[in-house]
Amino acid sequence: MLEVQNLSKRYRGIPAVEDVSFRVRPGEIVGYLGPNGSGKSTTVKIITGILEPSSGHVLFEGRDIQENLTGFRAALGYVPEEAHVYTHLSGLEYLQLVGRLRGIEERPLEERANRLLELLWLRSSRHSPISSYSKGMKQRVLLAAALMHNPRLLIFDEPLSGLDVVSARLFKDLLCELASEGKAILYISHVLEVVEQVCDRVIVLSQGKILADAAPSELTSLMKLSTLENVFAQLVQQQDTKAIASELVNTIRGNA
Ligand SMILES: Nc1ncnc2c1ncn2[C@@H]1O[C@H](COP(=O)(O)OP(=O)(O)OP(=O)(O)O)[C@@H](O)[C@H]1O
């Protein structure tokens, strides 16, 4: 369904993403992992059509997304990392705006927006401005907005940030439910424990290049490690964090 082909992006000549290729098939949840600055957001900006690649292509259902960005966006649900939304609007007004932009008719739009807000525990705040919402509430509005038009492809960028335990569990269950409906899902996260539980495959990125693309269980057994977090540490984070932590404390103590 989603096919990323030999994608590269350079900012002022400096590569941020280099020759990245992968697929996300219907019903599949694919984790996209990498340390800070490894090129995850750049890839997502290209896939969502916000940025143009320096080279390479993004195909959706066999067609380059640049040929028909409007059509592609109608099939895409994107939950960004942060709520840069129209925060003066209420949750309900925001969903109505998003629904109208997606061409949903007024009656079903009203019903769906209210129902989504209710299911995401936002009913009592639906008329309050988003600027008054907590971080987790904003995140849940973004989730509702991404689902409004029943998209075939979903991209979640750190969706758990700010979510409490129950909301995070709901989100995990929702991911699995959406995948069983045949949605293709790309899931960017640093929460490796959750990624390991829900993803069919994980792609590990480092310095703009793909280091691994396999099922979490394949990676752990191949590398003879017990968790995805250990695999990740082995692949990309060869840093002695304990020594750095101790050095940091020494520095503020004035012993360095
Ligand atoms: N607008 C920009 N101009 C110049 N360089 C940029 C720009 N955006 C990103 N970069 C660089 O591209 C590289 C990849 O950045 P990117 O934001 O894609 O990483 P990331 O994996 O999403 O990081 P994080 O986990 O911190 O969100 C970094 O070296 C970053 O400094």
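Asp 19 counts as partly exposed, because 14 C-beta neighbours lie inside 10 Å of it. The scale behind that label calls a residue buried if 20 or more other C-beta atoms lie within 10 Å of its own, exposed if 12 or fewer, and partly exposed in between, with C-beta atoms placed from the backbone. Asp 19 sits in strand S2 (residues 14-24). Helices (H or I, at least four residues) and strands (E, at least two) are DSSP runs, numbered from the N terminus.

This is a predicted model, in which local features need pLDDT of at least 70 and side-chain atom pairs count only at pLDDT 80 or more, while totals for chains, interfaces and linings use all residues. Residues are numbered from 1 along each chain as its sequence is written.

Let us turn to the backbone. Most residues other than glycine have a negative phi. Asp 19 has a positive phi although it is not a glycine, and Asn 150, not a glycine either, has a positive phi too. Asn 150 is found in the loop between helix H5 (135-147) and S7, and with 13 C-beta neighbours inside 10 Å it counts as partly exposed. Here are the residues with a positive phi discussed in this report.

| Residue | Place | Phi |
|---|---|---|
| Asp 19 | strand S2 (residues 14-24) | about 50° |
| Asn 150 | loop between H5 and S7 | about 50° |
| Glu 61 | turn of the S4 and S5 hairpin | about 50° |
| Gly 182 | just after H6 | about 95° |

Glu 61 leads us to the strands around it. S4 (55-60) and S5 (residues 63-64) run antiparallel and are joined by two bridges; strands pair if DSSP finds at least two bridges between them. The two form a hairpin with two residues between them, and Phe 60 has Arg 63 in S5 as its bridge partner. S4 also pairs with strand S1 (residues 2-11), in the antiparallel sense and over five bridges. Val 4 stands opposite Val 58 in S4.

Pro 53 lies in the loop between H1 and S4. Is Pro 53 buried or exposed? Pro 53 is buried, since 22 other C-beta atoms lie within 10 Å. Leaving aside residues up to four places away in sequence, Pro 53 touches Leu 7, Ser 8, Lys 9 and Ile 46, a contact being two C-beta atoms, placed from the backbone, within 7 Å. Arg 10 is 43 residues from Pro 53 along the chain, yet their C-alpha atoms are separated by 8.1 Å.

Next comes helix H6 (residues 165-180), with 16 residues. From its first C-alpha to its last, H6 reaches 23 Å, close to the expected 22 Å; the expected span is 1.5 Å times one less than the number of residues. Phe 171, Leu 175 and Leu 178 are buried in H6. These residues are on the same side of H6 because they cover an arc of only 75° around the axis, the arc being that of the directions from the helix axis to the C-beta atoms. On the other side of H6, the exposed residues are Val 165, Val 166, Arg 169, Asp 173, Glu 177 and Ser 180. Strands S3 (29-33), S7 (153-157) and S8 (184-188) and helix H7 (192-198) are what the buried residues of H6 pack against.

Finally, the ligand. Among the residues around it are Tyr 11, Asn 36, Lys 40 and Thr 42, each with its C-beta atom, placed from the backbone, within 6 Å. Helix H1 (residues 40-47) gives the most to this shell, with three residues.
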